[in-house]
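This report looks at the overall build of one protein model and then at a handful of its loop residues. Please keep the sequence and the coordinates at hand while reading.

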Amino acid sequence: MRRVALVLLAGCAGTDGTLDISLTTAPGSTVMDNVQTLAVTLTNPTELHEIARGADGFSLSLALGASDTPRALVIDGRDASGAVIASGASPAFPVSAINAKIVVYMASPMSIGAAPAALGPARHGLGVAPLTYGAIFVGGYDAAGAPSGSVELYNVYDHSLALGLSLTVPRGGIAVATTVANNAYLFGGATDAAGTPSGQLQLFNSATAPAGAYIDFGDHPELARTGAIAARTAVDQFAVSGSPALAISGSTVVARTDVTELPANATALTATDGAVTAMFVGGPTGLVRFRGDLADMPAGDPAVTGAAVGAIGTRAIVVAGGERAGAAIDDLVSIDPITAARSVLHLAIPRAHAAIAATDRFVVIAGGDVLGTALDSVEVRDAATLAPVATLALGAARSHASAVALANGQILIVGGTDATGAPLATIELFTPPN
């Protein structure tokens, strides 16, 4: 662990804040051993500093004027020849009179490695959703198949994994949807290893010290389900997969009247015209789209199940792989959220039950399986064209995992089962080049 200290000044008031910058890597990584120079760039406006390795590693102190514009750190580690051998970046942070710590994860550019933190315990069937500062992982099933009460919060600003307040009732297969205020709706899930479904609706407030708090909106046994997924259909309104299809808004969950059933593969984005758009893909209903919470059914392929569904910024929803007629397929379909126009490319190999997430630069399609055999390969695609960029490998084969795009340009991969069917504790990070 190497440290860089930045002193941030609050304008003319003379009040200082210290931002302590540390560098971390995957456990056991030697990627920083041959780094001789750090190129540290502050964004907005761009400000570059070259730091040579000293006897105690790397150190830099800067005095910065306070600013209303958030800034970010972009760090490249260069070897003696000047080649970039390690890269990392922070999310944007305020430049003001604060005392804070930021940890930047360094890895080889265009690589996948283990995060510094891991799930405890290892489990699959997690409820996973993004937060503005990272991601939330809820419940799941442990190695014995028992539902878990664990709630964990991944913080991309320091790559820590904080324990949230445990679920009031352990559950696996919970539908999780996060609000603009970083609260999380939790609905349904199985309360035992036999898969007995719940209809409980709760809101987890992640900001309540020290470990969050729950607001209970009651049990709805007539709507009980497990293994469902929720997607945003309007500001802090969500649709939930299953039959009947559900709508969550405020403190209520009710059956929808505009669509009877939704498949459990979905994502949402805010399209270029400003409309929140969600798409549920696969199963007997084919493609169901919500625009501003109004449902329609553009042409889709109802025979596809187990597809991975992800959003690219404001402009496209991508459907990767899946199963048709009992076989994994290699379709890679881009769907325009406004017109529902489709373009079809192909994956390098067929795969179902993969994890997918996208930044404004890259789409990552990780793991999955072919007829139950878990895969360790990862396809990296260009976010603008979906052209192949690289093929990488996970630390272990992983199927039925989840992926989340982080605010620093990385993509996090979590959960799922390995080649033996055992749950995985390792969290992995895709690190792009700067």
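Strands, as the word is used below, are DSSP runs of type E with at least two residues, numbered from the N terminus. In that numbering P121 falls in the loop between strand 11 (111–118) and strand 12 (127–131). The model is a predicted one, and every value in this report is to be read with that in mind.

**Overall build**

The protein contains 42 strands and 0 helices. Its radius of gyration is 22 Å, close to the 22 Å that the globule rule gives for 434 residues, so the protein is as compact as a globular protein of that length. The C-alpha trace spans about 65 × 45 × 45 Å along the principal axes. Of the 434 residues, 53% are buried, and among the contacts between residues at least 6 apart in sequence, 48% join residues that are at least 24 apart.

The exposed area of the protein comes to about 16700 Å², of which carbon and sulfur atoms supply 55%. As for charge, there are 34 negative and 20 positive side chains, and the centres of these two sets lie 3 Å apart.

**Confidence**

The mean pLDDT of the protein is 92, with 94% of its residues reaching 70 or more. Over residues 1–14, however, the pLDDT is below 50, although in the model this stretch has 56 contacts beyond near neighbours in sequence. Where pLDDT is low, the predicted coordinates should not be read in detail.

**Backbone features in loops**

Most residues other than glycine have a negative phi, and most peptide bonds are trans. The table lists cases that depart from this pattern, together with the loop in which each residue is found.

| Residue | Backbone feature | Loop |
|---|---|---|
| P121 | cis peptide bond from G120, omega near 0° | between strand 11 (111–118) and strand 12 (127–131) |
| P244 | cis peptide bond from S243, omega near 0° | between strand 21 (237–240) and strand 22 (246–249) |
| D236 | positive phi, near 55° | between strand 20 (230–234) and strand 21 |
| L386 | positive phi, near 65° | between strand 38 (377–382) and strand 39 (388–393) |

Strand 21 has D236 in the loop that comes between strand 20 and strand 21, while P244 sits in the loop between strand 21 and strand 22. The two residues with positive phi can also be described by their accessibility. D236 counts as partly exposed because its relative accessibility is 22%, and the limit for a buried residue is under 20%. L386, at 7% relative accessibility, therefore counts as buried.

**Two further loop residues**

Is G188 buried or exposed? This glycine, found in the loop between strand 17 (183–187) and strand 18 (200–205), has 0% relative accessibility and so counts as buried. Leaving aside neighbours within four places in sequence, G188 is in contact with R171, I174, S198, Q200 and R225. The C-alpha atoms of G188 and G173 are separated by 7.6 Å, the two residues being 15 apart along the chain.

S59 belongs to the loop between strand 4 (47–52) and strand 5 (63–64). With a relative accessible area of 60%, S59 is exposed, since the term applies to values over 50%. From C-alpha to C-alpha, S59 and I21 are 9.5 Å apart in space, and 38 residues separate them in sequence.

How values were computed:
Residues numbered from 1 in each chain as written. Predicted model: local features only at pLDDT ≥ 70, side-chain atom pairs only at ≥ 80, totals over all residues. Heavy atoms only, no water. Helix = DSSP H or I, 4+ residues; strand = E, 2+ residues; numbered from the N terminus. Rg over C-alpha atoms; globule rule 2.2 N^0.38 Å. Buried < 20%, exposed > 50% of the residue type's maximum accessible area, 1.4 Å probe, protein only. Contact = heavy atoms within 4.5 Å. Areas by Shrake-Rupley, 256 points an atom, 1.4 Å probe, with all protein chains shown as cover. Lys, Arg positive; Asp, Glu negative; His and termini not counted. Charge placed at Lys NZ, Arg CZ, Asp CG, Glu CD. pLDDT = per-residue confidence, 0-100.
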